[in-house]
There are 2 protein chains.
Amino acid sequence: MNIKNKRIAVLSPVAWRTPPRAYGAWETVAGNITEGLVKHGWDVTLFATKDSITRANLKAVIEKGYEEDKTQIPKVSECLHISFCMEQAHKFDLIHNNFDYLPLTYSRLIKTPMLTTIHGFSSPDILRVYRSYKDAYYVSISDSDRDSELPYLATVYNGIELSNITFRQKAGDKLVFLGRIHPDKGTHLAIEVAKTCGMDLLIAGIIQDQRYFDTLLKPHLNDSTIQYVGPVDPVQRDALFEQTYTVLHLNTIPERFGLVLAEAMAAGVPVIAMDLGSCREVIIDGQTGYLVNNVNEAVEAVAKIDHIDRKKCRQHVEENFSIERMVCKYENVYEQIFRMEASKK
Amino acid sequence: MNIKNKRIAVLSPVAWRTPPRAYGAWETVAGNITEGLVKHGWDVTLFATKDSITRANLKAVIEKGYEEDKTQIPKVSECLHISFCMEQAHKFDLIHNNFDYLPLTYSRLIKTPMLTTIHGFSSPDILRVYRSYKDAYYVSISDSDRDSELPYLATVYNGIELSNITFRQKAGDKLVFLGRIHPDKGTHLAIEVAKTCGMDLLIAGIIQDQRYFDTLLKPHLNDSTIQYVGPVDPVQRDALFEQTYTVLHLNTIPERFGLVLAEAMAAGVPVIAMDLGSCREVIIDGQTGYLVNNVNEAVEAVAKIDHIDRKKCRQHVEENFSIERMVCKYENVYEQIFRMEASKK
C-alpha cells in the first residue's frame with residue numbers, strides 16, 4: 001500500500017498558537033507531528049490558529065489562541081475551529097485529532113476516519129465521551145495513561161524537536177523546575193528539596209494556579225537562591241538547561257507523558273521524577289535520572305546525579321522521543337487504519 | 001402540502017429537565033413547543049434529559065440536567081446530547097434547535113434542515129457562531145432581540161401553558177418579584193420601589209448571582225415586609241399570583257422576551273417593567289401594565305395599577321402568548337422551510 005499519497009488533516013487545539021510561543025504541550029506535539037509528516041513527504045494540512053507556523057498547508061478560522069486573547073469564549077472558538085475542519089472532511093483521507101474529546105462528537109457525521117491521540121484526561125467526566133465513541137481510533141501517549149475500557153491501536157510517545165535543544169556535556173549548578181506552576185506538578189516539593197540540599201533553584205513556567213503560587217511558593221522566592229523566571233520559550237529553555245544540574249519533576253498525580261523530562265534529557269540533563277504514571281516509561285531509572293517516591297528520596301537522588309552519564313540521556317531521547325521516531329510510529333497507525341477502513345468496504 | 005406527516009425533532013437544552021421543575025426558561029419553551037405540536041397531530045420526538053416528561057417520543061442520553069447534578073461537566077453533557085440527536089438526523093424532516101449555538105456547528109454535516117430559535121445572546125462573542133451560519137434558519141423570540149446581521153424567518157413569541165395559571169379577578173396586596181435573582185433582572189430596584197411605596201414585597205426565583213444576593217439584597221430581607229421565598233414551581237407560582245398586586249420587572253438590560261410578564265398577565269396580574277428590549281412587545285402600556293424608565297416612574301405606576309383591567313391582561317396573553325398561538329406560528333415557519341428545501345432539490 002502506497003500510503004504517502006493519502007491526505008492527512010492534523011487538528012490542533014486553539015488554546016495557543018501551533019507551535020506555542022512558550023507553554024502549550026498539545027499544540028507542541030500536534031506541531032511536531034505535522035512537521036514530521038511533511039518531512040516524510042505526506043500531504044498534510046494543519047488546522048490551528050491563524051498565526052500558527054507550519055510547512056504544511058495551514059487552514060484556520062480562529063485568529064489567535066483563546067489563552068492569548070481573553071475576549072474569546074473558549075467554547076465558541078473551539079466549536080468553530082472543529083466544525084471548520086469537519087466541514088472539509090471529504091478533502092482528507094484521515095483526520096488526526098489532537099484536540100480533545102469534542103471532535104469525537106462530530107466524527108460519526110463525516111465519512112473520513114478520525115484518529116484521536118488522547119493527550120490526557122483532564123477530568124474523569126470526559127471519559128463519558130471517549131467511552132461513547134469506542135468505535136473511534138485511539139492512541140495513548142503512554143502505556144500508563146490509558147483507560148481500561150477504551151480500545152487503543154497503539155501507544156505513541158511524544159516526540160520533540162531535538163535541533164532546538166543543545167546537548168551539554170558539562171552540568172550547570174542549579175536545580176530547575178520547568179513546567180506549569182500547579183500543585184499537580186509539585187513545584188512546592190522542588191522548593192523543599194532545594195532548601196534541604198542547600199542548592200539554588202530556578203522555577204520556570206506559566207502560573208496556572210495563581211492561588212497556589214501566591215500562598216505556597218511566593219513566600220519562598222527571592223532574587224538569589226529560589227527564583228521564579230517566568231515562562232520560557234524554546235530558546236530561553238535551551239539557555240536554562242546550560243545552568244541546570246538536574247530537573248526536579250516531583251509530580252503529585254500520575255504523569256500522562258512528561259514532555260519536560262524528554263526535553264531535559266535531550267540537553268544531557270538528568271531528571272528526578274516521582275514514580276507516578278508515565279515517568280518510568282520516559283526515564284531509565286539510574287541511567288537517565290532517578291524515580292523517587294518522596295522528597296527524602298529526591299534529596300538522596302540529587303546527591304547521586306553525578307553518576308548519570310549525560311550522553312546516555314541524550315541518546316535515550318534520540319532513540320525513543322524524537323519526532324522521527326514518533327512519526328514512524330504514527331505512520332504504522334495510519335496504515336493500520338487505512339487497512340481497517342479498506343476492509344470495511 | 002400536507003406537512004403534518006413530517007417528523008419533527010425538538011432539541012431542548014440539558015441544563016434542566018424539560019419541562020423544568022422550577023426555573024429553566026429555554027426548557028419551558030422547548031417543552032411547550034413539543035406538547036403543542038403533539039396536540040396538533042405532529043410526529044414529534046423530544047431530545048432532552050432522561051427524566052423529562054412529554055407526550056412526544058423522548059430520546060435521551062443525559063440522565064439529569066447538569067444544573068441539577070453538579071458532577072457533570074456541562075460541555076461533556078452538551079456535546080453528547082447534541083451528537084446523539086445529530087447522529088439520528090436522517091430519521092427526521094426537521095430539527096428544531098432550542099439549545100443554543102453549539103448545534104449549529106454540526107448542522108452542515110447532516111442533511112436534515114435545522115431551525116434554530118435564538119432564545120438569547122448570552123454574550124456578544126457567541127454571535128461569531130450565528131454569523132458563521134447565516135445559511136441556517138433562524139427565529140427570534142422578539143423583534144427587539146435580533147442581531148442586525150442575521151437573516152430571520154420570523155419572530156415567534158414564547159407561548160405559555162395557560163391551564164397552569166388561574167385567572168384571578170381579585171388583586172392580592174403584595175408586590176412581587178419573580179425571576180432569576182441577578183442584577184440584570186433588577187431585584188434590588190424592586191426592593192427600592194417596595195420601600196418607597198411602603199408595600200410588602202415577595203421575591204421568588206433561583207439565586208443566580210450569590211454575591212449580588214448576599215450584598216445588595218440580603219440586608220433588606222426580613223420575615224414580614226421584604227421576603228425571599230426561594231424558587232417556585234408552577235403550582236407555587238400560581239398560588240403566589242393570588243397574593244400579587246403587581247409584578248415588578250425592573251430589568252436593567254434589554255429583555256429578550258420576558259416569560260414572567262406573560263405568566264403574570266395570564267393570572268390577571270398587571271406588570272410594571274422597564275422599557276428595555278422586548279417589554280413593550282409583551283405589555284400593552286397602560287392596558288396590561290406599565291412601561292417605566294426608572295424607579296420613580298415605577299413607584300408612580302404602582303399607584304395607577306387599579307386602572308388596569310385584569311380581564312384584559314388575561315385576554316392579551318390568550319391572544320398573543322398561548323402555546324396554541326406559538327405553535328401555529330411555528331407551523332408557518334416549518335412550512336416555509338419545507339418549501340425552501342423542496343425548491344433546492
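By a salt bridge I mean a side-chain nitrogen of Lys or Arg within 4 Å of a carboxyl oxygen of Asp or Glu. With that rule, the count over all chains comes to 42 salt bridges. Before going further: what you have in front of you is a predicted model, and every value I give is computed from that model.

I will take the interface, then the sheets, then a few backbone details.

The interface. Of the salt bridges, four are counted between chain A and chain B. Let me show two cross-chain examples. In one, the side chains of A:K75 and B:E78 meet, with N to O at 2.6 Å. In the other, B:R108 pairs with A:E87, and the closest N and O atoms are 3.1 Å apart. As for where that second pair sits, B:R108 is in the loop between β4 (94-97) and β5 (114-118) of chain B, while A:E87 is in the loop between α2 and β4 (94-97) of chain A.

How many residues does each chain bring to the contact? Chain A gives 27 residues, and chain B gives 27 residues. The area buried between the two chains is about 2,400 Å². Carbon and sulfur atoms give 63% of that area. Which three residues supply more of the area that chain A buries against chain B than any other three? They are A:K75, A:L109 and A:R128, and together they supply 26% of it. So A:K75, which takes part in the salt bridge with B:E78, is also in that set of three, if you are looking for a residue to click on.

On polar contacts, the rule finds 14 residue pairs across the interface of chain A and chain B, with both residues at pLDDT 80 or more. Turning to the elements on the chain A side, α2 (74-86) and α3 (127-132) each supply at least two of the residues that touch chain B. Helix α2(A) has the largest share of that side, at eight residues. By class, the side of chain A that touches chain B is made up of 14 nonpolar, seven polar and six charged residues.

Now the sheets, starting with chain A. Six strands form an open sheet in the order β10-β9-β8-β11-β12-β13, and the pairing is parallel. Why does one side of β10 (226-230) and of β13 (289-292) in chain A have no neighbour in the sheet? These strands stand at the edges and each has a single partner strand, so one side of each is left free of a neighbour in the sheet. From one strand to the next, the twist averages 20°.

At the β13(A) end, four bridges join β13(A) to strand β12 (residues 271-274) of chain A, and the two run parallel. To place that pairing on the screen, find A:M274, which stands opposite A:V292 in β13(A).

Two helices of chain A lie across strands of this chain. Helix α4 (residues 187-197) lies across β8 (174-178), β9 (201-204), β10, β11 (244-249) and β12, and runs at about 165° to β9(A). Helix α7 (residues 259-266) lies across β8, β11 and β12, at about 160° to β12(A).

Chain B next. Here six strands form an open sheet in the order β10-β9-β8-β11-β12-β13, with parallel pairing. The edge strands are β10 (226-230) and β13 (289-292) of chain B, each pairing on one side only. The twist averages 20° from one strand to the next. Inside the chain B sheet, three bridges join β11 (residues 244-249) to β12 (residues 271-274), which run parallel. One partnership to look at is B:V247 with B:V271 in β12(B). Helix α7 (residues 259-266) of chain B lies across β8 (174-178), β11 and β12 of that chain, running at about 160° to β12(B).

Last, the backbone. Where is the cis peptide bond in chain A that has omega near -10°? The bond runs from A:T18 to A:P19. A:P19 is in the loop between β1 (7-11) and α1 (25-39) of chain A. In chain B, a cis peptide bond joins B:T18 and B:P19, with omega about -10°. B:P19 is placed in the loop between β1 (7-11) and α1 (25-39) of chain B.

One more residue to check is A:D100. Its phi is near 160°, a positive value in a residue other than glycine. A:D100 lies in the loop between β4 and β5 (114-118) of chain A.

That is what I have for today.

Methods. Residues numbered from 1 in each chain as written. Chains lettered and ligands numbered in written order. Predicted model: local features only at pLDDT ≥ 70, side-chain atom pairs only at ≥ 80, totals over all residues. Heavy atoms only, no water. Contact = heavy atoms within 4.5 Å. Buried area = accessible area lost by both parts, 1.4 Å probe. Polar contact = N/O pair within 3.5 Å; in protein donor to acceptor, adjacent residues only side chain to side chain. Nonpolar A, V, L, I, M, F, W, Y, C, P; charged D, E, K, R; others polar. Pairing = 2+ DSSP bridges. Axes fitted to C-alpha atoms, helices over the stretch in contact; angles between N-to-C directions.
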